[in-house]
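Welcome, and please open your viewer with the whole chain in sight. We will begin with the overall picture and then select a few places one by one.

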Amino acid sequence: MAGEVLPEVAGVHWRARMDARRLRTLGRLWTATTVAHVVPFLAAAGGLLALQPLTAPVAIACLAHAWIIPELYANRGANVVRARRRSDGEAERTALGLLGDLIDHAARDLHARTGLVFERGALGTWLVGEAGALLISADGRRVSCWCVAVKEPSLPSADRIAHLLLALRADEQGFATVANLAFSGARWRVRRRLAPAVRPGLDAAARLAR
């Protein structure tokens, strides 16, 4: 399947096709956006304290905003791999068997522990969930969070992951073009917002990415 172009790419014809250069540019834009949100609040807090120490409560509120805003962005990113409600047990077991045929033993073990599937790609290392994926950069420091869903919501969780995994393998750049970038930032920031059971998967993917 590798080398195919996903037909869904035609539905987002206005988007430039994703590649490593564009991915780096988007990452820098997310960093610049975060800085643009944080620095004014930090400057306001410092200025208030310098002018009048009695404004400390307002300065603290500014510092809180400087911390909370990036955390909210990171939480939105982490949500792309948050577990959804599982379907009927028998259907899920069948879907798990089909998914298991697509991945190796290590990936099956990771899925059993975290609900995510590990996949190496040209753009980085992917952790694929049922409604999105995390892309870890080659140095393991940055995580890009992609929201993309299978159109049939009634499918079992493992089937949805299999669909996304096959799409990723067929056309990695097209997959990233179709998906919506929910967040791009430091791995530690995304990790804080993930469910505890999922964090070891991100750590393992980061080690493998390096």
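Start with everything selected: of the 210 residues in the protein chain, 44% are buried. Keep in mind that this is a predicted model. Turn it about and you will find that the C-alpha atoms fill a box of roughly 65 × 35 × 35 Å along the principal axes.

Next, switch to a cartoon view. The chain has eight helices and five strands, and from the N terminus on they run α-α-α-α-β-β-β-β-α-α-β-α-α. Among contacts between residues at least 6 apart in sequence, 69% join residues at least 24 apart.

Now show the surface. About 11200 Å² is accessible, and carbon and sulfur atoms account for 61% of that. If you colour by charge, there are 28 positive and 18 negative charges, with mean positions 11 Å apart.

Select residues 56-78 next, which form helix α2. Its 23 residues reach 33 Å from the first C-alpha to the last, close to the 33 Å expected. Which residues of α2 are buried? Show side chains for A59, C62, A66, I69, P70, E71, A74, G77 and A78. What do they pack against? Add α1, β3 (132-136), β4 (142-147), β5 (180-186) and α7 (187-193) to the view, and you have the partners of these buried residues.

For the last stop, go to helix α1, residues 20-51, and pick L51. Is L51 buried or exposed? L51 counts as exposed because its relative accessibility is 74%, and the cut-off for exposed is over 50%. Finally, draw a distance from L51 to G201: these two are 150 residues apart in sequence and 47 Å apart in space, C-alpha to C-alpha.

Key. Residues are numbered from 1 along each chain as its sequence is written. This is a predicted model: local features need pLDDT of at least 70, side-chain atom pairs count only at pLDDT 80 or more; totals for chains, interfaces and linings use all residues. Side-chain values use heavy atoms; hydrogens and water are left out. Helices (H or I, at least four residues) and strands (E, at least two) are DSSP runs, numbered from the N terminus. Buried means under 20% relative accessible area, exposed over 50%, partly exposed in between (1.4 Å probe, protein chains only). The expected span of a helix is 1.5 Å times one less than its number of residues. Contact means heavy atoms within 4.5 Å. Accessible areas come from the Shrake-Rupley method with a 1.4 Å probe; for residues, only the protein chains shown count as cover. Lys and Arg count as positive and Asp and Glu as negative; His and the chain ends are not counted. The place of a charge is taken as NZ of Lys, CZ of Arg, CG of Asp or CD of Glu.
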